[in-house]
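Please examine the sequence and the coordinates below together. The explanation that follows is meant to be read alongside them.

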Amino acid sequence: MKKKLQVEAIAHGTVIDHVPAGQGIKILKFFQLSAAQERITVGLNLPSGEQQQKDLIKVENTVFDENQANQLALFAPNATINVIEDFEVVRKFHVSTPEQVKAVFACPNSNCISHNEPIDSNFYVRHQQQDIKLKCHYCEKTFDRSLFSELD
Ligand SMILES: [Zn+2]
């Protein structure tokens with residue numbers, strides 16, 4: 001089956017595909033991609049298979065390392081990362097949920113000691129049914145993933 005071109009092709013960079021519809025904006029915001037100097041193309045609510053919609057993000061001249069890509073997994077567990085060089089996909093991989101997330105999120109618990117100490121935040125990733133929860137190393141509270149995606 002021939003794939004339709006859904007978003008303008010890029011010469012060099014990264015395409016994050018199979019992002020659940022609605023998560024694309026959160027990912028942009030969370031990873032502060034829009035604050036970077038590179039050109040970013042976002043497709044929202046694109047058709048994906050028979051029944052679903054997806055978001056897609058193209059970031060020019062930027063290659064995500066596996067650690068960064070795995071942080072994406074918290075928002076888009078089925079995302080695929082396509083590394084583009086000269087308009088060709090030279091590498092393609094699935095994100096995998098990390099076991100631990102360090103120095104990325106602030107703890108949603110305002111009483112958590114991590115806010116007052118010069119330490120990196122540290123969360124353990126827990127799967128509960130279909131959902132992903134994060135347990136703080138310091139206050140040992142467990143938080144829903146959505147609490148993090150709404151942090152500014
Ligand atoms: Zn905490």
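The paragraphs below treat the domains, the nonpolar cores, the salt bridges and the metal site in turn.

The model is a predicted one. The domain assignment of its chain gives domain 1, residues 13-94, and domain 2, residues 100-149. Taken over C-alpha atoms, the centres of domain 1 and domain 2 are separated by 23 Å. Contact between the two involves eight residues of domain 1 and nine residues of domain 2.

The nonpolar interior comes next. The largest nonpolar core comprises 31 residues, and those with the most contacts inside it are Ile16, Ile27, Leu33, Leu74, Phe105 and Phe123. Two or more residues of this core are supplied by each of β1 (13-20), α1, β3 (52-60), α2 (66-72), β7 and β8. Because domain 1 and domain 2 both give residues to this core, it lies between them. Leu74 offers a detailed view of the packing: leaving aside residues up to four places away in sequence, Leu74 touches Thr97, Pro98, Val101, Phe105, Val125, Ile132, Leu134 and Arg145. There is also a second, separate core of five residues, among them Val15, Leu46, Leu56 and Ile84.

Helix α1 spans residues 23-30, and its buried residues are Gln23, Gly24, Ile27, Leu28 and Phe30. An α-helix has 3.6 residues a turn, so residues three or four places apart point the same way. After α1 comes Gln32, whose phi is positive, near 50°.

The charged side chains form three salt bridges. In one of them, Lys54 and Asp17 meet at 2.8 Å, N to O. Lys54 belongs to strand β3 and Asp17 to strand β1, so this pair ties together parts that are 37 residues apart in sequence. Both Lys54 and Asp17 are buried.

Another salt bridge joins the side chains of Glu60 and Arg39 at 3.4 Å, N to O. Here Glu60 lies in strand β3 and Arg39 in the loop between α1 and β2 (40-48), and the pair links distant parts of the chain, 21 residues apart. How do the two partners stand with respect to burial, buried or exposed? Glu60 has a relative accessible area of 16% and is therefore buried, the limit being under 20%. Arg39, at 52% relative accessibility, counts as exposed because the limit for that class is over 50%.

The side chains of Lys133 and Asp144 also meet in a salt bridge, at 3.2 Å, N to O. Since Lys133 is in strand β8 and Asp144 in strand β9, the pair ties together parts that are 11 residues apart in sequence. Asp144 counts as partly exposed, at 21% relative accessibility.

The last feature is the metal site. Which atoms coordinate the zinc ion? They are the SG atoms of Cys107, Cys112, Cys136 and Cys139, at 2.3 to 2.4 Å. The angles among the four donor atoms are 105 to 113°, and the site is tetrahedral. For four tetrahedral donors, the ideal angle at a metal is 109.5 degrees. Along the chain, the donors of the zinc ion follow the spacing C-x4-C-x23-C-x2-C. Cys112 lies in the loop between β6 (100-102) and β7 (122-128), whereas Cys139 lies in the loop between β8 (131-136) and β9 (142-144), so this pair ties together parts that are 27 residues apart in sequence. Cys112 counts as buried, at 1% relative accessibility.

How values were computed
Residues are numbered from 1 along each chain as its sequence is written. This is a predicted model: local features need pLDDT of at least 70, side-chain atom pairs count only at pLDDT 80 or more; totals for chains, interfaces and linings use all residues. Side-chain values use heavy atoms; hydrogens and water are left out. Donors are N, O and S atoms within 2.8 Å of the metal (3.2 Å for Na, K and Ca); water is not among the atoms, so sites may look incomplete. Four donors count as tetrahedral if all angles lie between 85 and 135 degrees; four count as square planar and six as octahedral if opposite donors are over 155 degrees apart and all others between 65 and 115; anything else is irregular. Helices (H or I, at least four residues) and strands (E, at least two) are DSSP runs, numbered from the N terminus. Buried means under 20% relative accessible area, exposed over 50%, partly exposed in between (1.4 Å probe, protein chains only). A nonpolar core is a set of buried Ala, Val, Leu, Ile, Met, Phe, Trp, Tyr and Cys residues joined through side-chain atoms within 4.5 Å. Domain bounds come from an automatic or database domain assignment. Contact means heavy atoms within 4.5 Å. A salt bridge is a side-chain nitrogen of Lys or Arg within 4 Å of a carboxyl oxygen of Asp or Glu.
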